[in-house]
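Please take a moment with the sequence and the model that follow, and keep both in view while reading. The paragraphs below go from single residues to helices and then to the ligand.

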Amino acid sequence: MQFFQTGYARDAPSRPMPWTAAACPSGRAAGPPGSETPLTQAFTHQPVMPNQVMAALQPGAAGVYLDATFGRGGHSAMLLHELGADGRLYALDLDPAAVEAGRHRFGGDRRFTVAQGSFAELARWCRHWGVDGRLDGILLDLGVSSPQLDDPARGFSFSQDGPLDMRMDPARDESAADWLERAGETEIARVLREYGEERFARRIARAVVTERKLEPITTTGRFAAIVSRAVPTREPGKHPATRAFQAIRIQVNGELDALDAALAQAVDVLAPGGRLAVISFHSLEDRRVKRFLRDAAGRAPRPARGLPLPEEPEPRLRLIGKAQRADARELESNPRARSAVLRVAERRSA
Ligand SMILES: C[S@@+](CC[C@H](N)C(=O)[O-])C[C@H]1O[C@@H](n2cnc3c(N)ncnc32)[C@H](O)[C@@H]1O
């Protein structure tokens, strides 16, 4: 477990802040003036749905928060801005580059603590930090960050050639190239179908197995070309390899299992009245989040008439509003917010 504690206090003013798209224009990390650093400027990430996230978490000056997907700290900067001297923000990210950026950006702020770790273990981290059951808010902003997508060396994107890696944590055993080399055709097809909702999963899997016999598939460019040739039709405005890249990334990083684990643990570590905000970027994630929150809020579908009602435990969550999407103004400056869906729930009193 890697762990970095920061230095001295900085008392941030607590005042309403319109975190509009205009306030954090594309290409700059959002945050209070002066918070940008050369490192965050080099690879920036514009936080998604900033106003809605802040409205959901309603950070109080002395609150304790967990940003479980630090990225480049766009949302963290907003939370820190609202916290007073007694507030605390804990942050996790699987990616060591994100953690390094966090140390660099907020390393002088003793209210901030960042660690390299998975949100699949957030309960363990909260126990380690002594905030188990005391959190006033948790944010899960799922998926990949702009710096991960934009750096060809990370292998997440089909738009630039690079090694076919896709690991959020490069110390993890198996890269996307390793997995594509070892997995059987049926397994590849299953992953493409389940995690990419890819209609042509079988064709692509067959093409991968044929091509890798000639030469291992080690670059994003070659994998994208193989998929493009195998897919007979085109979805408007979408690269033919979009679904395949999403599927392999989810597989390599175990993303859906990690999400399930994080959701279950989040309910335990929140204080009564604490809020959980989750931003999903595709329907597989959002369906899981929706189902989990609905069930934990006691909104499970009723059995057919005549059947006995199952004995249900007291609901642990209360849903806050409906699913939200980025507004037109945000989409103008941040097209990556297009598929974002935010869901929010609150921990009920025991
Ligand atoms: C969309 S970005 C978050 C951006 C961030 N909210 C910001 O404003 O800068 C998602 C981040 O989650 C991280 N991540 C993905 N899976 C993770 C996991 N299981 N545990 C912790 N972090 C994870 C990624 O490495 C990435 O940095």
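L135 counts as buried in this predicted model, because 25 C-beta neighbours lie inside 10 Å of L135, and a residue is called buried when 20 or more other C-beta atoms lie within that distance. L135 is found in strand 5, which covers residues 135-141. Leaving aside the neighbours within four places in sequence, L135 is in contact with V64, Y65, L66, C126, V269, L270, A271 and G274. The C-alpha atoms of L135 and L89 are separated by 9.6 Å, although these two residues are 46 residues apart along the chain.

C126, one of the residues in contact with L135, leads to a pair of helices. In general, two packed helices are described by the angle between their axes and the distance between the axes. For helix 5 (residues 122-129) and helix 12 (residues 255-269), the axes come within 8 Å and cross at roughly 30°. Angles under 35 degrees count as roughly parallel, and helix 5 and helix 12 are therefore roughly parallel to each other. On the side of helix 5, L122, A123 and C126 take part, and they meet A262, Q265, A266, D268 and V269 in helix 12. Sorted by class, the contact of helix 5 with helix 12 has six nonpolar residues, one polar residue and one charged residue.

Before helix 5 comes a loop that links it with strand 4 (112-116), and S118 lies in this loop. S118 is buried, because 20 other C-beta atoms are within 10 Å. Once the neighbours within four places in sequence are left aside, S118 is in contact with L94 and A258. S118 and A258 are 140 residues apart in sequence, yet 7.7 Å apart in space when taken from C-alpha to C-alpha.

A second loop to look at is the one between helix 1 and helix 2, where T44 is found. T44 is buried, with 22 other C-beta atoms within 10 Å, and the C-alpha atoms of T44 and G74, 30 residues apart along the chain, are separated by 8.8 Å. M49 also lies in the loop between helix 1 (38-42) and helix 2 (50-57). Although M49 is not a glycine, M49 has a positive phi of about 45°, and with 25 C-beta neighbours inside 10 Å it counts as buried. Another positive phi, near 40°, belongs to Q58, again a residue other than glycine. Q58 is found in the loop between helix 2 and strand 2 (64-67), and it counts as partly exposed because it has 14 C-beta neighbours inside 10 Å.

M49 appears again among the contacts of A340, which, apart from neighbours within four places in sequence, are V48, M49, I279, F281, R325 and A326. The place of A340 is in the loop between helix 14 (328-333) and strand 9 (341-347). A340 is buried, with 23 other C-beta atoms within 10 Å. Its C-alpha atom is separated by 9.3 Å from that of L142, and the two residues are 198 residues apart along the chain.

Which residues of helix 10 (residues 220-230) are buried? They are T220, F223, A224, I226, V227 and A230. Seen down the axis of helix 10, these buried residues fall within an arc of 160°, so they line one face of the helix. The buried residues of helix 10 pack against two other helices, helix 9 (201-214) and helix 11 (242-253).

The ligand is surrounded by 22 residues, of which the closest are P47, T69, G71, G74 and D141. The elements that give two or more residues to the shell around the ligand are helix 3 (74-82) and strand 3 (88-93). By class, this shell has nine nonpolar, nine polar and four charged residues. G74, one of the closest residues to the ligand, is also the residue whose C-alpha atom was compared above with that of T44.

Finally, the chain can be viewed as a whole. The chain has 14 helices and nine strands, and of its 350 residues, 46% count as buried. Among contacts between residues at least 6 apart in sequence, 70% join residues at least 24 apart. One contact of this kind is that of S118 with A258, two residues that are 140 residues apart in sequence.

Conventions: Residues are numbered from 1 along each chain as its sequence is written. This is a predicted model: local features need pLDDT of at least 70, side-chain atom pairs count only at pLDDT 80 or more; totals for chains, interfaces and linings use all residues. Axes are lines fitted to C-alpha atoms, for helices over the stretch in contact, and angles run from 0 to 180 degrees between N-to-C directions. Helices (H or I, at least four residues) and strands (E, at least two) are DSSP runs, numbered from the N terminus. Angles under 35 degrees count as roughly parallel, over 145 as roughly antiparallel, 65 to 115 as roughly perpendicular and the rest as oblique. Two residues are in contact if their C-beta atoms, placed from the backbone, lie within 7 Å. Ala, Val, Leu, Ile, Met, Phe, Trp, Tyr, Cys and Pro count as nonpolar, Asp, Glu, Lys and Arg as charged, and the others, Gly among them, as polar. A residue is near a molecule or strand if its C-beta atom, placed from the backbone, lies within 6 Å of it. A residue is buried if 20 or more other C-beta atoms lie within 10 Å of its own, exposed if 12 or fewer, and partly exposed in between; C-beta atoms are placed from the backbone. The arc is that of the directions from the helix axis to the C-beta atoms.
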